[in-house]
Amino acid sequence: ESRLLETQSRLNVEGLALSEQYGFIHSCPTNLGTGMRASVHVDLPGWTKESVDKLKARCEELNVQPRGTRGESGGQTGCTYDISNKHRLGYSEVQLVQVMIDAVNTLYKEDVEWQKKHGM
C-alpha cells in the first residue's frame with residue numbers, strides 16, 4: 001500500500017493533464033475512455049490469401065481493428081493478426097470485450113471457409 005501512496009503523491013505534480021471527470025490523463029489519447037483495448041492474436045491464413053484489404057473491410061463491419069503483431073505502426077508479417085475492439089468510449093468493458101470475442105469467432109469461421117476455397 002505504501003508504494004501505491006508514494007506513486008499517487010508523485011503524480012500530484014504540476015504539468016500533468018488532470019480532468020475532474022477522468023482523473024490524470026496518462027494514456028495514449030486513442031485509449032481514453034474506459035482505457036479498454038481488448039485484443040487477441042489469431043492466425044488467419046485464409047483471409048490473408050484472399051485479401052488483406054477484404055479482411056480490413058470485414059473488421060470494420062465487425063467494429064474491430066486488425067493490426068500486425070508488431071504494434072500499431074509495425075506493419076503486418078505472416079498471417080497472424082492482433083484483432084482489437086475499435087471503440088473505446090461509450091461502452092462498458094464487458095461490451096468491448098464481447099465485441100472482440102464475437103468478431104474473432106466470426107473471422108475464424110470465415111477463415112476456415114477461405115482456406116477451403118484456396119485449397120489450404
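**Exercise 1. Find the residue that caps the N-terminal end of α3, and describe its surroundings.**

*Solution.* Start at the cap: S51 holds the N-terminal end of α3, with a side-chain oxygen 3.3 Å from the backbone nitrogen of D53. This is a polar contact (a pair of N or O atoms within 3.5 Å; within protein, one must be able to donate a hydrogen and the other to accept it, and residues adjacent in sequence count only if both atoms are side-chain atoms).

Next, look one residue further: the S51 side chain also reaches the backbone nitrogen of K54, at 3.0 Å.

Now place S51 in the chain. It sits in the loop between α2 (45-50) and α3 (52-61). Helices (H or I, at least four residues) and strands (E, at least two) are DSSP runs, numbered from the N terminus.

Finally, check accessibility: S51 has a relative accessible area of 18%, so it is buried. Buried means under 20% relative accessible area, exposed over 50%, and partly exposed in between (1.4 Å probe, protein chains only).

A word on the model: it is predicted, so local features need pLDDT of at least 70 and side-chain atom pairs count only at pLDDT 80 or more, while totals for chains, interfaces and linings use all residues. Residues are numbered from 1 along each chain as its sequence is written, and side-chain values use heavy atoms, with hydrogens and water left out.

**Exercise 2. Work out the strand order of the open sheet and say which strands stand at its edges.**

*Solution.* Begin with the order: 3 strands form the open sheet as β3-β5-β4, with antiparallel pairing. Two strands pair if DSSP finds at least two bridges between them.

Then look at the edges. β3 (39-43) and β4 (64-68) each have a single partner strand, so one side of each is left without a neighbour in the sheet. From one strand to the next, the twist averages 30 degrees.

Zoom in on one pair: β3 and β5 are joined over 5 bridges in the antiparallel sense. Along these strands, D43 stands opposite T80 in β5.

Last, add the helices. α3 lies across β4 and β5 and runs at about 145 degrees to β4. α4 packs on the sheet, touching β3, β4 and β5, and its direction makes about 145 degrees with that of β5. For these angles, axes are lines fitted to C-alpha atoms, for helices over the stretch in contact, and values run from 0 to 180 degrees between N-to-C directions.

**Exercise 3. Name the residues that touch the most other members of the largest nonpolar core, and say which elements supply it.**

*Solution.* First, the term: a nonpolar core is a set of buried Ala, Val, Leu, Ile, Met, Phe, Trp, Tyr and Cys residues joined through side-chain atoms within 4.5 Å.

Of the 15 residues in the largest one, L44, W47, L55, C59, V64, I83 and L107 touch the most other members. α3, β5 (80-85) and α4 (93-117) each give two or more residues to this core, and α4 has the largest share, with 5 residues.

Now follow V64. Leaving out residues up to four places away in sequence, its contacts (heavy atoms within 4.5 Å) include C59, I83, V99 and A103.

**Exercise 4. Compare the burial of C59 and C79, and state how many disulfides there are.**

*Solution.* At 0% relative accessibility, C59 is buried. C79, at 24%, counts as partly exposed. The structure holds 0 disulfides (a disulfide is a pair of cysteine sulfur atoms within 2.5 Å).
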